[in-house]
Structure formats: C-alpha cells, structure tokens
Amino acid sequence: MPAFNEEFARGAGAAIIAEEALDQESAPQIAALLKEQPAWSDFPIILVVRESGAGTRLQEFSPLGNVSLFTRPMNLGALTTAIGTALRARRRQYEVRNLLAERDSAARRKDEFLAMLAHELRNPLAPVRTTLHVLKLRHPGDRDTQTAVGVAERSVKHLARLIDDLLDVSRVTLGKVGLRCEHMDAADVVRLATEAMGARFAEKHVALDIEVQSARLPVSGDAVRLEQAIANVLDNALKFTPPGGKVRVRAEADRGEAKVTVSDTGAGIAPEDLPHVFDLFVQADRSLDRTVGGLGVGLTIVKGLVELHGGRIAVTSDGLGAGTTAVLHLPLAEPPPSQIETDNEVEAGGRLRVLVVDDNHDGADSLADFLSLTGCETKTAYDGVEALEVFSGFRPEAVLLDIGLPKLNGFEVAEKIRTSPGGEGVTIIAVTGYGRDEDRVRGRSVGFDHHLVKPIDLTAIGRLITSAVRSPRTE
C-alpha cells in the first residue's frame, strides 16, 4: 500500500493489481485515496483476478472507480492493448489538469492586472473629482463654472462606474465577493438606490416612480451590495428608456420574500435575446453608435449579488418596444430585537484636525484644500515615513490614508498609528485605488475604520470624519 501511494503521488499512468494483493485492509485504503482525486482525474486500474466467479467480481471492486477486469490465464495481446488505452486516457487527464491550471493561473493574473489597472486609473480620477468640488465651493454664483463642473463630474462618475463594474464582475463570477451582512430594511435600501439615481433620471427626462407597499421589509445582507444591485437594475432601465419614458419601482412583501420590481417603458428585449440577458458581456445594443454605452456586465453582477444573498432575479419583456421588467426576490428575515439607541454626540472642541496622506501630490493637496473649505484643519504627507512624523506632532482626530505609499505602505502606517500613544481613538479611513475584498479585510485587521475607493464621494468623507468626534473609537 505505501508503494501504491508513492507512485500515485508521483503521477503514475495506471496500476496493474493482482486480486491477491487486495486484502480487507488495502482495498478500502486505495478506494479512499482514489475518492479524493480532483475532478479531472480518473485513475485507471487493471485488476487481474481468478477465472472462477470473475463475472460477479466487478461489482465487488467498483469502489476503486475506473477498473478493467482481466482473468487468468490472460491474453497478453489484450492486456497490452488495455495498458496502452489506459495510459493514453491518463495522458489526456494530465493535459486537462494542465489546461485547468493554466486557466486558474490566467484568472489570477487577470484579477491582479485588473486590480492594478483600477488602482492606476482611480488615482488620477481622485484629484480631478476633488478639484471639481473645490471649484463649486469657491464659485457658487458662477453659472458657467457650475455648468462646466457638472459636465466634468458626470464624466468622472461614469469612468469610476466602468472601473468598478470591471472589478465587480470578476469577483462576482469567481465567487470572491465578501458580504458584510447585517439586519436591514430592504425598503430603505430601495429608497437610497432611487435617491442616488434621481438626478440622472431628471437629466434624461425619464420619470422615476417609487412605490413601497410594506412598512418594513427586514432582510439580512450587505446593504452596500444590495443597493449596488438595485442601482444597476435602475441604470439598465434608464439606459434603454428614451426621454419622456417612465421607470416604476415597487417594493413589497410577497410570500415570505422582499420583492422589488423595476419596470420601464423602454426599448424592450427581443425574444431571442431574453435568455441571454445575464450572460457576461452580452448587450442588446450592438449598433455602431453605441447609444447606451456600458460593458454588458451590469445584470451579470446583479444576478451574482442577489444569489449571494439567497435570492433570485428574473427579467421579462413582451418584445422590442414593449419595455422590460426585472423582479428581485430576497428572503425576508426575522427582525432583530429592538434596541434603544442613545445619542452620545458631543460637540467638537475647535476645528477638526485631519491628516491627508497620499503619494499623489495633486490628490493629497486637493483633498486637503476641500476639507479646509469645510472647516477642518489639515496637514498633508506624501509617504509613509512622513505620515508618522506629521502624525506625532499634529495629533489629528482623523487620518485619510492611501495604501500604495512609498517607504511604508498604508497598512504599515495604520498599524503603527494604532500602537502609538493616542492612536487608539483616531479614525483611520483608507482612501485608495485598491478596492478588492482582500484589501478591505486586511485593512480592518490592521486598524482601518473605513475603506473608501477613489474617486471618493466627498459627502461620505464629511460624514465619516465628523463621526471621529461624535463617536470616538473605544476598541
């Protein structure tokens, strides 16, 4: 038995085993070993048995898997042919193994490339978005400036969304999305998603009607991911609905589920395209003018996120020009015990001190400029070592910290801040181009309180740094 294990591990092509070698101990051990084979492997065994009763013996050895039975006396020609067939089949299995390994390696390289690409694309977008906000604050009455800033902001948001879609579809299809589940009201998630999309609907002159039938729709899930799923469905409806059209959103309880229906009066879907709406990179708009844009990944992401929450989604249409309806189903959850929340807000004693750390000078300076305009006292640092030096003298209540820093990376800086005198109560917020789930998990492990991906929502920054004073860290 040890010899069999050793040769099997070394990559044997087949095994010829005499019946006498299979006793009550070795046969189950070989069967257990072969049961653990990977999906590509079907190890061939040529079993030599006594002639008497051979016809009834194959079932006895069936736990061994791929078994060919030969009886004594053997036909050597037939045995030679069987060995050759077994070895050819085993070579094909090894070829499949190598192809699978190459595929997995290519998938890993693709994920790494997309993560780095996203980081490199997000970095220049961040100072652009921040500078646009600063311009709006400094020139509130200049109509031309406000118009130009609005055009630029919409373009930045569109680019950021495309980057996020590329990364999300890779994570969702590979099952690498980590959910931060909690009890929530799905009705609130629907309201947040529709509010976030409201301005875009108004710009395109498409009516957006919201109807929430139930007072509460308690579900368990990741609020950010569910809002993303609903927003993607709304975005898809908006793309294919012309000006003057209407999109209706309805949320209700239905047979133990939260049911969210998004119906539009848009272009509809041809019957031959309907079975493929969730396929990756499939788009109904194949015209050269690319009127609706996009990458054809939105509904793929939605389906993956909804299924991760134990739900399902269906899309129906009566044909071209007849509009489309998407229905999301999520299992209702028992609401958690009611908790009485007390408001422990405290007044900030003076201006909030914020340290901005980013090796992109434009990004750090523009973000610090914006925060100064909102009443914060700010300082900047451009590498990890400088960040620790400035922190020790400045003693900020909040640190906005990039991860990809020279000298010391952001993870190392956050860990050192946490272990330094007074570092326990500081709010540390990652402001970075790295947005993978593993980056967020590692960030939490070293002391980050929040993780924002560039280009960031500056209103979110305002809320988070204010919470640094209102809810000091106690861990």
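Begin by selecting helix H7, where Leu 299, Thr 300, Ile 301, Val 302, Gly 304, Leu 305 and Val 306 are buried. The model on display is a predicted one. Just past the end of H7, select Gly 310, which adopts a positive phi of about 80°.

**The largest nonpolar core**

Helix H7 leads into the next stop. The largest nonpolar core comprises 37 residues, and Leu 234 and Leu 328 have the most contacts inside it. To display its framework, select helix H5 (186–204), helix H6 (223–239), helix H7 (298–308), strand S7 (246–254), strand S8 (257–264), strand S9 (312–316) and strand S10 (324–331); each of these supplies at least two residues of the core.

Next, centre the view on Leu 234. Which residues is Leu 234 in contact with, leaving aside its neighbours within four places in sequence? They are Ala 193, Thr 194, Met 197, Phe 201, Leu 208, Val 247, Val 249 and Val 262. A second, separate core can then be selected through Ala 387, Val 390, Tyr 434 and Phe 448, which are among its 22 residues.

**Asp 235 in helix H6**

Return to helix H6 and select Asp 235, which is found there. Is Asp 235 buried or exposed? Its relative accessibility is 6%, and the cut-off for burial is under 20%, so Asp 235 counts as buried. Not counting residues up to four places away in sequence, Asp 235 touches Arg 161, Met 197 and Arg 200. Met 197 thus appears in the contact lists of both Leu 234 and Asp 235.

**The parallel sheet**

Now display the open sheet of 5 strands, whose order is S12-S11-S13-S14-S15 and whose pairing is parallel. The edges are strand S12 (377–381) and strand S15 (450–453); each has a single partner strand, so one side of each lacks a neighbour in the sheet. On average, neighbouring strands are turned by 20° against each other, direction ignored.

At the S12 edge, select strand S11 (residues 353–357) as well: 5 bridges join S11 to S12, and the two run parallel. Within this pairing, Val 357 has Ala 381 of S12 as its bridge partner. Then add helix H10 (residues 410–419), which packs on the sheet and touches strand S13 (398–401) and strand S14 (427–432). The direction of H10 makes about 165° with that of S13.

A further selection shows Lys 379 and Phe 394: the charged end of Lys 379 sits over the ring of Phe 394, 5.6 Å from its centre.

**The phenylalanine cluster**

The last stop concerns aromatic rings, of which a search of the whole structure finds 5 pairs. Select Phe 4 and Phe 43. Their ring centres are 6.1 Å apart and their planes stand at 90°, so the pair is edge-to-face. Phe 4 belongs to helix H1 (residues 2–10), and Phe 43 to the loop between helix H2 (26–35) and strand S2 (44–49); the pair therefore ties together parts that are 39 residues apart in sequence. Phe 4 counts as buried at 15% relative accessibility, and Phe 43 is buried with a relative accessible area of 2%.

Adding Phe 8 reveals an edge-to-face pair with Phe 43, at 5.1 Å centre to centre and 85° between the planes. This pair links Phe 8 in helix H1 with Phe 43 in the loop between H2 and S2, 35 residues apart. Phe 8, like Phe 43, is buried. With Phe 4, Phe 8 and Phe 43 all displayed, the tour ends at a cluster linked by ring pairs.

Conventions: Residues numbered from 1 in each chain as written. Predicted model: local features only at pLDDT ≥ 70, side-chain atom pairs only at ≥ 80, totals over all residues. Heavy atoms only, no water. Core = buried A, V, L, I, M, F, W, Y, C linked by side-chain atoms within 4.5 Å. Buried < 20%, exposed > 50% of the residue type's maximum accessible area, 1.4 Å probe, protein only. Helix = DSSP H or I, 4+ residues; strand = E, 2+ residues; numbered from the N terminus. Contact = heavy atoms within 4.5 Å. Pairing = 2+ DSSP bridges. Axes fitted to C-alpha atoms, helices over the stretch in contact; angles between N-to-C directions. Phe/Tyr/Trp six-rings, centres within 6.5 Å; stacked < 30°, edge-to-face > 60°. Lys NZ or Arg CZ within 6 Å of the ring centre and 35° of its normal.
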